[in-house]
Amino acid sequence: MPIIAPSILASDFANLQKEAEMINQSQADWFHIDVMDGVFVPNISFGIPVTEAIKKHAKKPLDVHLMIVNPEKYIEDFAKAGADLITVHWEACPHIHRTLAQIKEAGCKAGIVLNPATPVAVLKDIIQDCDMVLLMSVNPGFGGQKFIENTYQKVKDLKSLIAEKNTETLIEIDGGVNLSTGAKLVEAGADALVAGSFVFNHENPIQIISELKSL
Ligand code: DX5
Ligand code: ZN
């Protein structure tokens with residue numbers, strides 16, 4: 001059974017408490033928090049105060065996905081705001097070994113995110129330091145985009161790298177996840193699925209989360 005992380009980006013921001021309570025009641029495992037700065041990605045979402053506000057109501061871990069330049073400037077702030085797991089983009093971190101250590105130092109699990117065009121091979125000398133790797137299956141910046149099919153092969157490549165290096169790294173996928181892409185991702189070896197619009201645009205999100213959970 002995959003870990004399910006509904007993305008708050010697709011939720012009703014005017015009713016965050018209600019949305020958090022829905023996730024608490026559902027079979028979801030984590031809250032996925034998409035932070036965008038309008039520089040690393042062409043969109044701005046929300047930041048530290050909103051993460052803090054969600055934390056007040058969340059009874060499950062916060063999986064914070066930083067789509068920002070210079071994420072090392074804000075790691076401690078997000079940890080204080082309640083992040084349990086922080087992922088940073090490989091493309092945004094020239095000293096990613098140091099950034100992962102900083103995240104762990106702040107008391108969080110640490111992960112690397114790869115954009116669709118970044119090959120899994122860049123992780124060869126850092127996978128042992130990753131609690132998780134998040135593979136983007138759309139270009140980061142927006143919810144509701146079409147799933148990029150090449151992701152299945154990347155999941156398999158990552159699975160082999162993890163086996164070869166004998167690490168306990170989790171594989172998470174983000175973007176365009178629904179019941180059909182989700183099933184194939186789990187079959188390819190994904191451990192965790194992020195789902196935004198598929199969950200929140202549905203009339204019964206709790207039901208959809210339980211269907212994703214049974215994949
Ligand atoms: C995209 C974000 C995703 C997004 C996924 O940049 O990282 O987490 O919310 O949305 P869906 O599930 O609608 O593709
Ligand atoms: Zn995300």
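Student: What covers the buried residues of α8?
Tutor: The cover includes β1, α1, α6 (179-188), β8 (192-195) and α7 (197-200), counting heavy atoms within 4.5 Å as contact. Helices (H or I, at least four residues) and strands (E, at least two) are DSSP runs, numbered from the N terminus. This is a predicted model, where local features need pLDDT of at least 70, side-chain atom pairs count only at pLDDT 80 or more, and totals for chains, interfaces and linings use all residues. Residues are numbered from 1 along each chain, chains are lettered from A and ligands numbered from 1 as written, and side-chain values use heavy atoms, without hydrogens and water.

Student: OK, and which residues of α8 are the buried ones?
Tutor: In α8 (residues 205-213) they are Pro-205, Ile-208, Ile-209, Ser-210, Leu-212 and Lys-213, with buried meaning under 20% relative accessible area (1.4 Å probe, protein chains only).

Student: Switching to the metal: which residues coordinate the zinc ion (ligand 2)?
Tutor: His-32 through NE2, Asp-34 through OD, His-65 through ND1 and Asp-174 through OD, at 2.0 to 2.3 Å. Donors are N, O and S atoms within 2.8 Å of the metal (3.2 Å for Na, K and Ca). Along the chain the spacing reads H-x1-D-x30-H-x108-D.

Student: Where do His-32 and Asp-174 sit?
Tutor: His-32 is in strand β2 (residues 31-36) and Asp-174 in strand β7 (residues 170-174), so the pair links distant parts of the chain, 142 residues apart. Both His-32 and Asp-174 are buried.

Student: Why is the zinc arrangement octahedral?
Tutor: Because the six donor atoms around the zinc ion (ligand 2) subtend angles of 68 to 166°. For six donors, the label needs opposite ones over 155 degrees apart and all others between 65 and 115.

Student: And ligand 1, which residues come nearest?
Tutor: Asp-34, Gly-141, Asp-174, Gly-196 and Ser-197, out of 20 residues around ligand 1, meaning a heavy atom within 4 Å. Oxygen atoms of ligand 1 lie 2.7 Å from a side-chain N or O of Asp-34, and 2.6 Å from one of Asp-174. At Gly-141, a backbone N or O atom is 2.7 Å from a ligand 1 oxygen. Taken alone, ligand 1 exposes 380 Å², and the protein buries 99% of that (Shrake-Rupley method, 1.4 Å probe).

Student: Last one: is Ser-11 buried or exposed?
Tutor: Ser-11 is buried, at a relative accessible area of 10%. Ser-11 belongs to the loop between β1 (3-6) and α1 (16-25). Beyond neighbours within four places in sequence, Ser-11 is in contact with Leu-16, Glu-19 and Phe-200.

Terms used. Four donors count as tetrahedral if all angles lie between 85 and 135 degrees; four count as square planar and six as octahedral if opposite donors are over 155 degrees apart and all others between 65 and 115; anything else is irregular. Buried means under 20% relative accessible area, exposed over 50%, partly exposed in between (1.4 Å probe, protein chains only). A polar contact is a pair of N or O atoms within 3.5 Å; within protein, one must be able to donate a hydrogen and the other to accept it, and residues adjacent in sequence count only if both atoms are side-chain atoms.
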